[in-house]
Amino acid sequence: MLTLLNIQDFLQESIKGETPLSPDLIDQFVEDCQTSIEKQMKRQKGEWRIRMSGLGRPLCQQMLDKKGVHEDMEYNAVLRFLFGDITEAILMFIMRQAGVKVVDFQKPCTLEIAGHTINGTLDVILEENGEIKVWDIKSASDWAFKNKYAHGYEKLLEEDPFGYIMQGYLYAEAAGYPFGGWLVVNKSSGEVLQVEVPSWQDDKPAYLKDAERRVKYLMNPNSKFVKGYTPQPETIKVKSEVVSTGNKLMPKECGFCGYRNHCWPKAVLHDKVTSKAKFPPKVWYTTLKTTSL
Ligand code: SF4
């Protein structure tokens, strides 16, 4: 937690205007922002390859990526990616100013997994109390900050649709240091969290084994695309009896997925049929037989 304390102390002091700012670090921040803008606004779709940052994502998404299926992206995705990169640049600037010991940052790394070379770029390596660890920087929505990251590593273990834990362990393995966890910035409130991987857990071997299984599957030319999720029948309780509406709800994961139109071309976005709200929320249905009750 030392890094978090350093960050908080520095920011608290900066409110009073008592923090001398280093022109070199400001220059570095500007350079980091420029790199982000060039990366995100001049995106080039290169040849498909497995990256450490994506290997823990659902295999169905990775298989479609491999097949070259078009992934739908709204215009706001570019802004989302930029927010992420620039938030990271801001945090790096603050950490350097705050005197956090940055051993390395934006470090390209490589691992041999199942006979294949897998590349990645880790965010930052920090030294805290003489211990050197790999850390990942995340910018989070207010909801994710409060409902996911604030509950620590255990909560991420329960649900990790973007494969952040595997990503961290792969970077750590490649760098030869333990994985410390995540430094998370709340994009809405500006709060910062240091989510530590508990020192008592021993999850890394299982994640590395799973990474190997995933690489084998993805690199096998005979592997077939299989949808990773199944629609759930929509039900409602009528006088303590559970009754089906005949509709099927799209799996939550697919609702946010860029391949949604590919996997569920007949899906319909409709008012939630079972909702009694005056303005029902919209939900995706893969099957919509009943439009009102
Ligand atoms: S839409 Fe669902 S099944 Fe299809 S790739 Fe995305 S997550 Fe997987």
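Here is a friendly set of questions and answers about this predicted model.

Me: Happy to start broad: how many helices and strands does the protein chain have?
Reply: The C-alpha trace spans about 65 × 50 × 45 Å along its principal axes. Of the 293 residues in the chain, 27% are buried. As for secondary structure, the count is 10 helices and nine strands.

Me: What share of the contacts between residues at least 6 apart in sequence joins residues at least 24 apart?
Reply: Two residues count as in contact here if their C-beta atoms lie within 7 Å. Among contacts in the protein chain between residues at least 6 apart, the share joining residues at least 24 apart is 67%.

Me: Let's turn to α3. Which helices do the buried residues of α3 pack against?
Reply: Helix α3 covers residues 59-67, and its buried residues are Q61, Q62 and L64. They lie on the same side of α3, because they cover an arc of only 160 degrees around the axis. The packing partners of these buried residues are α8 (204-219) and α10 (260-263).

Me: Which residue just after α3 takes a positive phi?
Reply: Helix α3 ends at residue 67. Just after α3, a positive phi of about 80 degrees is taken by G68.

Me: Now the ligand: which helix supplies the largest share of the shell around the ligand?
Reply: Each of α3, α9 (252-255) and α10 supplies at least two residues of that shell. The largest share is three residues, and it comes from α3.

Me: Which residues come nearest to the ligand?
Reply: The shell divides into eight nonpolar, two polar and three charged residues. There are 13 residues around the ligand, and those that come nearest are C60, K227, C254, C257 and C263.

Me: Where does the ligand lie with respect to domain 1 and domain 2?
Reply: Domain 1 covers 2-219 and domain 2 covers 232-287. Both give residues to the shell around the ligand, so its place is between them.

Me: On to the strands. Which residue in β2 stands opposite K107?
Reply: Strand β1 (residues 101-113) pairs with strand β2 (residues 116-128) in the antiparallel sense, over 11 bridges. The two form a hairpin with two residues between them, and A114 in the turn has a positive phi of about 50 degrees. Opposite K107 stands L122.

Me: And which residue takes a positive phi in the hairpin of β2 and β3?
Reply: β2 and strand β3 (residues 131-140) run antiparallel and are joined by five bridges. One bridge pairs E128 with E131 in β3. Two residues sit between the strands of this hairpin, and a positive phi near 50 degrees is taken by N129.

Methods:
Residues numbered from 1 in each chain as written. Predicted model: local features only at pLDDT ≥ 70, side-chain atom pairs only at ≥ 80, totals over all residues. Buried ≥ 20, exposed ≤ 12 C-beta atoms within 10 Å, placed from the backbone. Helix = DSSP H or I, 4+ residues; strand = E, 2+ residues; numbered from the N terminus. Arc of directions from axis to C-beta. Near = placed C-beta within 6 Å. Nonpolar A, V, L, I, M, F, W, Y, C, P; charged D, E, K, R; others polar. Domains from an automatic or database assignment. Pairing = 2+ DSSP bridges.
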